[in-house]
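Student: I would like to learn how to read cavities, pockets and helix packing. Can you take me through them on a real case?

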Amino acid sequence: MIAINKYTLPNGLTVVHSEDKSTQMAALNLLYKVGARDEAPDHTGFAHLFEHLMFGGSVHIPNYDTPLQNAGGENNAWTNNDITNYYLTLPAHNIEVAFWLESDRMLSLDFNPRSLEVQRQVVIEEFKQRNLNQPYGDTSHLVRSLAYKVHPYQWPTIGKDISHIAGATLEEVKEFFFHYYAPNNAILAVTGNVSFDETLQLAEKWFGPIPARQVPARNLPQEPRQTEARRLEVTRPVPVDALYLCFHMCDRLHPDYYAFDMLSDILSNGKSSRLIRRLVVERRICSSIDAYISGSLDAGLFHIIGKPAPGYTLQDVERAVWEELEEIKRTPTDQHELDKVKNRYEAEQIFGNINYLNVATNLAYFEMLSRAEDLNDEVRKYRNVTAQQLQRVAQETFIPENSCTLYYNAEAK
């Protein structure tokens with residue numbers, strides 16, 4: 001059980017804290033409730049661009065990394081369709097450096113044409129390297145646009161089109177920042193060998209003076225229920241063919257989320273999982289196969305990705321996958337298989353939350369979801385999933401009219 005303290009500053013910043021005296025380190029995780037889903041369809045990639053811009057200098061600190069490294073610290077960040085997350089670790093006695101750095105870039109970045117152009121080129125090169133010039137790099141764009149017709153999940157975090165970042169103006173960038181990177185749109189989690197009193201004192205000193213901002217109300221179009229199978233076939237210069245099969249699933253707060261997560265593990269987590277054991281090891285139809293869920297806040301996707309072994313086709317792989325899905329729909333999961341997956345989740349939860357940085361990230365995430373205290377209840381929620389619930393979810397989800405299928409063909413040699 002993780003002991004959790006919380007406080008909200010007058011400007012709306014939520015502070016979440018958990019002390020860990022077993023380490024001499026501290027972690028600070030700052031989560032902004034803005035992601036790619038908050039972008040306009042003709043101005044995508046902005047949230048990811050800001051992941052880079054936030055390291056390009058703030059209003060009073062021209063270089064973020066140097067003072068942090070001088071204090072013995074490390075940092076990184078990531079963005080997805082729902083949130084933007086910044087985190088750093090450093091010796092606990094230097095924790096004020098972290099508050100100083102993060103508060104200054106929340107106050108304002110050093111907006112200038114040079115910084116924008118530098119980071120713009122970094123993002124453009126990343127887009128080219130990961131999505132245009134890498135084998136299978138465009139699959140996220142293809143699958144998302146196939147599965148989502150109205151919800152902004154239809155584009156990945158990197159953006160819908162490279163031209164959106166190439167054409168971003170300094171004024172558009174400023175407007176996006178002052179809309180979303182605000183204390184009343186953020187959660188600050190602090191863990192490690194730092195007391196709650198010191199955390200509050202530093203939060204009030206460094207973040208307290210930053211004014212609250214007008215954060216736009218989120219009113220996203222909800223994806224209508226899919227009623228017929230969708231298929232797409234492309235040909236690319238890749239080593240081997242690949243099958244991408246996905247199904248619409250529930251949102252992150254739905255009780256069935258835990259059943260979907262467990263189904264993905266039953267199908268493909270480890271050598272004894274169904275798809276790997278049967279299609280890769282026993283029948284040798286696939287050279288590789290994986291199943292996973294998107295884990296997104298709004299209604300997400302259940303993904304299955306398989307590559308045929310020599311002598312087999314994408315049709316063979318698709319047929320074999322559907323046979324396994326029909327089996328999991330037809331026959332309840334036995335208790336041994338169920339317990340194995342539940343035990344793995346419990347072990348991952350226990351070992352994952354030993355690390356003070358993981359705790360900081362998880363506290364911020366669960367506070368954003370609902371409340372940080374729910375982190376302590378995750379194992380019980382997985383434990384409560386029954387074979388009957390898994391079967392029902394599989395029967396409702398793994399049906400042709402809820403499916404999106406991408407055949408990714410290798411060019412003929």
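Tutor: We will go through enclosed spaces, one helix crossing and then the open pockets.

Tutor: This is a predicted model, where local features need pLDDT of at least 70, side-chain atom pairs count only at pLDDT 80 or more, and totals for chains, interfaces and linings use all residues. Residues are numbered from 1 along each chain as its sequence is written, and side-chain values use heavy atoms, leaving out hydrogens and water.

Student: How many cavities of 30 Å³ or more does a search of the whole structure find?

Tutor: First, the idea. On a 1 Å grid over the protein atoms alone, a cavity is a set of points where a 1.4 Å probe fits but cannot get out; a pocket is an open set with protein on both sides within 12 Å along at least five of seven lines; lining residues have an atom within 4 Å of a point. Points are joined across faces, edges and corners, and a volume is the space filled by probe spheres set on them. Here the search finds two cavities. The largest has a volume of about 70 Å³, the second largest about 50 Å³.

Student: Which helices each supply at least two residues of the lining of the second largest cavity?

Tutor: Helices (H or I, at least four residues) and strands (E, at least two) are DSSP runs, numbered from the N terminus. Helix 9 (257-268) and helix 12 (335-352) do so here. Helix 12 gives the most, four residues. The lining includes Asp 265, Glu 337, Lys 340 and Arg 344.

Student: At what angle do helix 9 and helix 12 pack?

Tutor: Axes are lines fitted to C-alpha atoms, for helices over the stretch in contact, and angles run from 0 to 180 degrees between N-to-C directions. Helix 9 and helix 12 pack at about 110°, with axes 10 Å apart. Angles under 35 degrees count as roughly parallel, over 145 as roughly antiparallel, 65 to 115 as roughly perpendicular and the rest as oblique. These two helices are therefore roughly perpendicular to each other.

Student: Which residues in helix 9 meet helix 12?

Tutor: Contact means heavy atoms within 4.5 Å. Asp 261, Met 262, Asp 265 and Ile 266 in helix 9 meet residues of helix 12, among them Glu 337 and Arg 344.

Student: How much space lies in the largest pocket?

Tutor: About 910 Å³. Of its 40 lining residues, the closest to the centre are Asn 81, Ser 140, Arg 144, Pro 156 and Thr 157. Helix 5 supplies the largest share of this lining, five residues. The second largest pocket holds about 550 Å³, and helix 13 gives the most to its lining.
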